[in-house]
Amino acid sequence: MNFIDKPANTANPQQITMAGQKVVNLALQGGGSHGAFTWGVLDRLLEEERLSFEGITASSAGSVNAVVLAYGLAVGGREEARNALHLFWKKLSEATSHGIMQPSLVDKMIGKFGLDHSPGYLFMDALSYFTSPYFYNPRNLNPLKNVLEAVVDFERLRQSPAVKLFLCATNVRTGKVKIFKSEELGPNHVIASTCLPLLMQPVEIDGEVYWDGGLSGNPAVFPLVYECETRDIVMVHLTPAERPEIPVTSHGIMNRMQEIGFNAALIREMRAVTFVNKRVDEGKMAGGKLMLIHVIEAEDVIREFPGSSRLNNNWDFLSHLYEIGRVRTDQWLAANFDDLGKKSTIDLEEKYF
């Protein structure tokens, strides 16, 4: 029997709450507008009364979803969290609906939700090759920050967090991952986690500057291992790990480079988890913690979208991803809920080695 098929060696009192719920941690990847898939996943998980959440680690768009979810839970429970997530994505779509990043008629005819023929996208893409956000956005305007501040009361979130939050950002000077925790979070911490270097100026916090957390951890898993009791981690995976075709266009090459880079840190961590799990399962690591890994993903869907779709906030696209997220989560719950607390529901060696 493979080690992933075996139940944990020891009982974990945090696995089941007093209400009989199963407790899980969440790991939310970034992916720009593709984060609307995660919105759908979270919306369906919030409907599942048999589940509750202890901790959430997240990067980029995952950090946005995590903060909005946590705030909703803090102020009004599950239904308020669902409402807050819907409100955020709706407001973001409205706030960017008159910007230059709009799909052209050709993009709409192609039907893959890309921006590859959008004059605004092509203009900004060209600018990013020859200049920087310091030049074309000197005032560092960011509609995402405005929407976040309109939806989330960060002081309330800091005072009464309903879950443990771990938001990942990348220290520009050292290249190391930085974890921002619930008790310190403000809008700038979320913006730091979402800061794409070619589109936004780095965010300064306490004398250090930060870029997107996906560069160093997409997301980082270690906070859930060290700072949470529950062993189950449900990862919402957005960045395609594999692509059958070889990219030949400059956009395709850049997109694939970004995908590989954003998955690299996660793959390293999951290989470490696999190694530790083996040692624990074989009785060679006394006191070790056997982590149970689960994945909800839509790689087959995301692979069909061009890289430019990550910047498409059209409501039709966001709603489409949301619905896919709900359906995939419903399928995942039906197939795997009973295994939570008992075993991983993916083969870690097959997926990450």
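Buried means under 20% relative accessible area, exposed means over 50%, and partly exposed is what falls in between, with a 1.4 Å probe and protein chains only. Keep that handy for the exercises below.

Ground rules: this is a predicted model, where local features need pLDDT of at least 70 and side-chain atom pairs count only at pLDDT 80 or more, while totals for chains, interfaces and linings use all residues. Residues are numbered from 1 along each chain as its sequence is written, and side-chain values use heavy atoms, with hydrogens and water left out.

**Exercise 1. Place histidine 34: is it buried or exposed, and what does it touch?**

Step 1: find the spot. Histidine 34 sits in the loop between strand 1 (22–28) and helix 1 (35–47). Helices (H or I, at least four residues) and strands (E, at least two) are DSSP runs, numbered from the N terminus.

Step 2: check the accessibility. Histidine 34 has 4% relative accessibility, so it counts as buried.

Step 3: list the partners. Contact means heavy atoms within 4.5 Å. Not counting residues up to four places away in sequence, histidine 34 touches Leu238, Ile302, Phe305, Ser309, Arg310, Phe317 and Leu321.

**Exercise 2. Work out how helix 1 and helix 2 are oriented, and what their contact is made of.**

Step 1: get the geometry. Axes are lines fitted to C-alpha atoms, for helices over the stretch in contact, and angles run from 0 to 180 degrees between N-to-C directions. Helix 1 and helix 2 pack at about 25°, with axes 9 Å apart.

Step 2: classify the angle. Under 35 degrees is roughly parallel, over 145 roughly antiparallel, 65 to 115 roughly perpendicular, and the rest oblique. Helix 1 and helix 2 are therefore roughly parallel to each other.

Step 3: get the hand. A crossing is left-handed if the near helix is turned anticlockwise from the far one by less than a right angle, and right-handed if clockwise. Helix 1 passes helix 2 in a right-handed crossing.

Step 4: sort the residues. Ala, Val, Leu, Ile, Met, Phe, Trp, Tyr, Cys and Pro count as nonpolar, Asp, Glu, Lys and Arg as charged, and the others, Gly among them, as polar. For helix 1 with helix 2, that gives eleven nonpolar, four polar and four charged residues.

**Exercise 3. Bring in helix 12: how does it sit against helix 1 and against helix 2?**

Step 1: take helix 1. The axes of helix 1 and helix 12 come within 6 Å and cross at roughly 45°, so the two helices are oblique to each other. The crossing of helix 1 with helix 12 is right-handed. By class, their contact holds eleven nonpolar, three polar and six charged residues.

Step 2: take helix 2. Helix 2 (residues 61–95) and helix 12 (residues 315–336) have axes that come within 9 Å and cross at roughly 150°. That makes helix 2 roughly antiparallel to helix 12. Helix 2, too, passes helix 12 in a right-handed crossing.

Step 3: name the residues. On the helix 2 side you'll find Arg82, His86, Trp89, Lys90 and Ser93, which meet Trp315, Leu318 and Arg326 in helix 12. The class count here is three nonpolar, two polar and three charged residues.

**Exercise 4. Look at phenylalanine 88: what is it in contact with?**

Step 1: locate it. Phenylalanine 88 lies in helix 2, and at 1% relative accessibility it counts as buried.

Step 2: list the partners. Leaving aside neighbours within four places in sequence, phenylalanine 88 is in contact with Val64, Val68, Leu144, Val147, Leu148 and Val151.

**Exercise 5. Track down the backbone oddities: which peptide bond is cis, and where is phi positive?**

Step 1: recall the background. Most residues other than glycine have a negative phi, and most peptide bonds are trans.

Step 2: check omega. Asparagine 218 and proline 219 are joined by a cis peptide bond, with omega about -10°. Proline 219 is in the loop between strand 6 (208–212) and helix 9 (222–227).

Step 3: check phi. Serine 60, not a glycine, has a positive phi of about 55°. Serine 60 lies in the loop between strand 2 (51–59) and helix 2, and at 9% relative accessibility it is buried. Aspartate 206 also has a positive phi, near 55°. Aspartate 206 is in the loop between strand 5 (203–205) and strand 6, and is exposed, with a relative accessible area of 77%.
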